[in-house]
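New to this one? Here's a quick briefing to read alongside the sequence and the 3D view.

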Amino acid sequence: EQAKAKVKAVKPVKPSADSNRNASLVQSILGAGSSSAVKDIQGVKIEDIKIGSGHTAKRGNRIKVHYIGKLTNGKTFDAATNRPFPFRLGAGEVIRGWDIGCDGMKVGGKRKLTIPPEKAYGRAG
């Protein structure tokens, strides 16, 4: 089964003195549907529910994510809604579908990701 999640970007994290790479904060959470166009990037379906106007998340940025992971049948298999889950975008710290799907997202936006098994945990789950 493919996994689905909707992502929502929020305020940027204050950059450290060392680097401006930590300036983006992305929050993902499953939300309501939308009629926006769906992009397919490397098999990951990306639907921007709302385009943000803040910083753009880029490879190397440290981001934090609130999310609910659901299978296409609606069954929830994982969630982090009370505490954000931090990771470095593009560093392979999370499933490949997240690295692909969160890249380019702007703070204040909301995004739905549909991730195929090969960009997540594989066919066996």
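Phe85 is partly exposed, with a relative accessible area of 33%, and that value sits between the 20% limit for buried and the 50% limit for exposed. Phe87, on the other hand, is buried, at 0%. Keep in mind that this is a predicted model.

**The aromatic cluster**

- A search of the whole structure turns up four aromatic pairs.
- One of them joins Phe85 and Phe87: the ring centres are 6.3 Å apart and the planes meet at 35°, so this pair counts as tilted.
- Phe87 also pairs with Trp98, with ring centres 5.6 Å apart and planes at 35°, so that pair is tilted as well.
- The Phe87–Trp98 pair ties together distant parts of the chain, since Phe87 belongs to strand β6 and Trp98 to helix α1, eleven residues apart.
- Both Phe87 and Trp98 are buried.
- Put the ring pairs together and you get a cluster of Tyr67, Phe85, Phe87 and Trp98.

**The nonpolar core**

- The largest nonpolar core has 16 residues, and the ones touching the most other members are Ile63, Val65, Phe87, Leu89, Trp98 and Ile115.
- Which elements give two or more residues to this core? They are β4 (44–50), β5 (62–71), β6 (76–88), α1 (96–102) and β7 (110–115).
- As a general backdrop, nonpolar side chains in soluble globular proteins tend to be buried together.

**The β3–β4 hairpin**

- Strand β3 covers residues 38–41 and pairs with β4 in the antiparallel sense, over four bridges.
- Looking for one of the bridge partners? Val38 is matched with Glu47 in β4.
- β3 and β4 make a hairpin with two residues between them.
- In that turn, Gln42 has a positive phi of about 55°.

**The chain as a whole**

- The chain holds one helix and seven strands.
- Follow the sequence and the elements come in the order β-β-β-β-β-β-α-β.
- The chain has 125 residues, and 38% of them count as buried.
- Take the contacts with a separation of 6 or more: 62% of those are between residues 24 or more positions apart.
- About 7000 Å² of the chain is exposed, and carbon and sulfur atoms supply 49% of that area.

How values were computed: Residues numbered from 1 in each chain as written. Predicted model: local features only at pLDDT ≥ 70, side-chain atom pairs only at ≥ 80, totals over all residues. Heavy atoms only, no water. Core = buried A, V, L, I, M, F, W, Y, C linked by side-chain atoms within 4.5 Å. Buried < 20%, exposed > 50% of the residue type's maximum accessible area, 1.4 Å probe, protein only. Pairing = 2+ DSSP bridges. Contact = heavy atoms within 4.5 Å. Areas by Shrake-Rupley, 256 points an atom, 1.4 Å probe, with all protein chains shown as cover. Phe/Tyr/Trp six-rings, centres within 6.5 Å; stacked < 30°, edge-to-face > 60°.
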